[in-house]
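User: Please guide me through this structure in short steps, with a question and a reasoned answer each time. I am new to it and would like each term explained once.

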Amino acid sequence: FCPPKGRTVKQAERHTLQTFLGRTQSLHGPSPVTTFGPKACMLQNPHAVMHIQDPASQRLTWNKPPKSVLVIKKIRDASLLQPFKELCTFLTEAKNLIVYVEKKVLEDPAISGDENFGAITKKFCTFREDLDDISNCVDFIICLGGDGTLLYASSLFQGSVPPVMAFHLGSLGFLTPFKFDTYKSQVTQIIEGNAAIVLRSRLKVRVLKENWEKMTEFRGGLTEEVNTGCVCFQVLNEVVVDRGPSSYLSNVDLFLDGHLITTVQGDGVIVSTPTGSTAYAVAAGASMIHPNVPAIMITPICPHSLSFRPIVVPAGVELKIMLSRDARNTAWVSFDGRKRQEICHGDSITITTSCFPVPSICFRDPVNDWFESLAQCLHWNVRKKQNYLSSEEDEF
């Protein structure tokens, strides 16, 4: 191999590899040996160069046949009772799977009072949020409801996340591509390992409290280092820092890899994943980013500056948010809309890309599913078409 003039051998090899991969490949794909939960992993592509996977063609496979499934149901939604019962009966009796269900779901009188369904519920394994660890017990997850069920599923797994199959039975359904009408054939395909997946990156967030005795609201279900006043956990959509109930502007400093890049003066700032770009961020004027793009989006909330526009930074950078020294008031932070907590002077929030994405099972493939959601849920670029001009009209 003789490299072109002006290039080293390594540079020429890298250029040849990138040319071979083409425009549809990405160098940011995970390793094919990456696992999701106890048994799921990606199907290896025999045509991949140097074990680099194309995010647009990632497919699910199993190291061993799945034996357990977590069913997440939206609480206090009567319309989900019948689909929930049908699905659990099918999984338990037809597929012989161990079904995990949250304890408070079975406490619903409409479920606990159903004598016919009672024989099925006795076979369930139950757990309690923030108290029981099921991370090594569940092979895959099925969500019944809206987008909130997928966010909730993510919060239950602070490490590796099993594949998630989400049925659209809620209000918006941007992250829930499956319809319940044909659930039997669709679930069977997943169990057989016949499905495309999109890896939704998460944010690893560390909150360092100067006065760690005030951290009691954070504890439970999170990775804790109480003696150092630090809490670490995973976020699928966004981290939101805002001014809370104060009438003053939010005044927080934003650092990127240790360098102060700006001070946010306004209602607050949103740090989101590509998945979260179509949630709160897009409502605040941000662009929409496909989940396969390795990035972090920073979006100001009503900034008191005409030139402060949303920006996209590379995945993997470390962001740090702190109250400015001259801030008139404290700030408040929430994580996927939960665990809201006050941030005082001396506290800090550190954010970077997590090593544990959420493998979301696609209905078709990552590209078609995403644009279908844009069209159906957000009505992206919906407009009445112009009328056709005939040749006679064109002359005038």
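**T275 and its surroundings**

User: Is T275 buried or exposed?
Analyst: T275 has a relative accessible area of 4%. Buried means under 20%, exposed over 50% and partly exposed in between, with a 1.4 Å probe and protein chains only. Because 4% is the value for T275, this residue counts as buried.

User: Which residues does T275 touch?
Analyst: T275 sits in the loop between β16 (268-272) and α8 (280-283), where helices (H or I, at least four residues) and strands (E, at least two) are DSSP runs numbered from the N terminus. A contact means heavy atoms within 4.5 Å. Leaving out residues up to four places away in sequence, T275 touches L175, R200, L236, N237 and P291.

**Confidence**

User: What is the mean pLDDT of the protein?
Analyst: This is a predicted model, numbered from 1 along each chain as its sequence is written, in which local features need pLDDT of at least 70, side-chain atom pairs count only at pLDDT 80 or more, and totals for chains, interfaces and linings use all residues. Side-chain values use heavy atoms, with hydrogens and water left out. The pLDDT is the predictor's confidence in each residue, from 0 to 100, and 84% of the residues reach 70 or more, while the mean is 87.

User: Over which residues does pLDDT stay under 50?
Analyst: The stretch in question has 19 contacts in the model beyond four places in sequence. Its pLDDT nevertheless stays under 50, and it covers residues 15-28.

**Salt bridges**

User: With which residue does D114 form a salt bridge?
Analyst: A salt bridge is a side-chain nitrogen of Lys or Arg within 4 Å of a carboxyl oxygen of Asp or Glu, and the whole structure holds 10 of them. In the one formed by D114, the closest N and O atoms are 2.7 Å apart, and the partner is K85. D114 lies in the loop between α4 (109-112) and α5 (115-121) and K85 in helix α2 (residues 81-94), so the pair ties together parts 29 residues apart in sequence. Both residues are buried, and the partner of D114 is K85.

User: How far apart are the closest N and O atoms of E102 and K104?
Analyst: E102 is buried, at 6% relative accessibility, whereas K104 is partly exposed, at 40%. The two residues form a salt bridge, and their closest N and O atoms are apart by 3.7 Å.

User: Which residue forms a salt bridge with R128?
Analyst: R128 counts as partly exposed at 40% relative accessibility, and its partner also counts as partly exposed, at 32%. The closest N and O atoms of the pair are 3.3 Å apart, and the partner is D132.

**Cavities**

User: Which element gives the largest share of the lining of the largest cavity?
Analyst: A cavity is a set of points on a 1 Å grid over the protein atoms alone where a 1.4 Å probe fits but cannot get out, and lining residues have an atom within 4 Å of a point. The largest cavity holds about 130 Å³ of space, and among its 15 lining residues F174, V198, R200, D369 and W370 lie nearest its centre. Elements giving two or more residues to this lining are β9 (197-200), β23 (358-361) and α9 (366-377). The largest share, 4 residues, comes from α9.

User: Which strand gives the largest share of the lining of the second largest cavity?
Analyst: The second largest cavity has a volume of about 30 Å³, and L70, V71, I72, K73, E102, V105, F127 and Y152 line it. The largest share, 4 residues, comes from strand β4 (residues 68-73).

Technical notes: On a 1 Å grid over the protein atoms alone, a cavity is a set of points where a 1.4 Å probe fits but cannot get out, and a pocket is an open set with protein on both sides within 12 Å along at least five of seven lines; lining residues have an atom within 4 Å of a point. Grid points are joined across faces, edges and corners, and a volume is the space filled by probe spheres set on the points.
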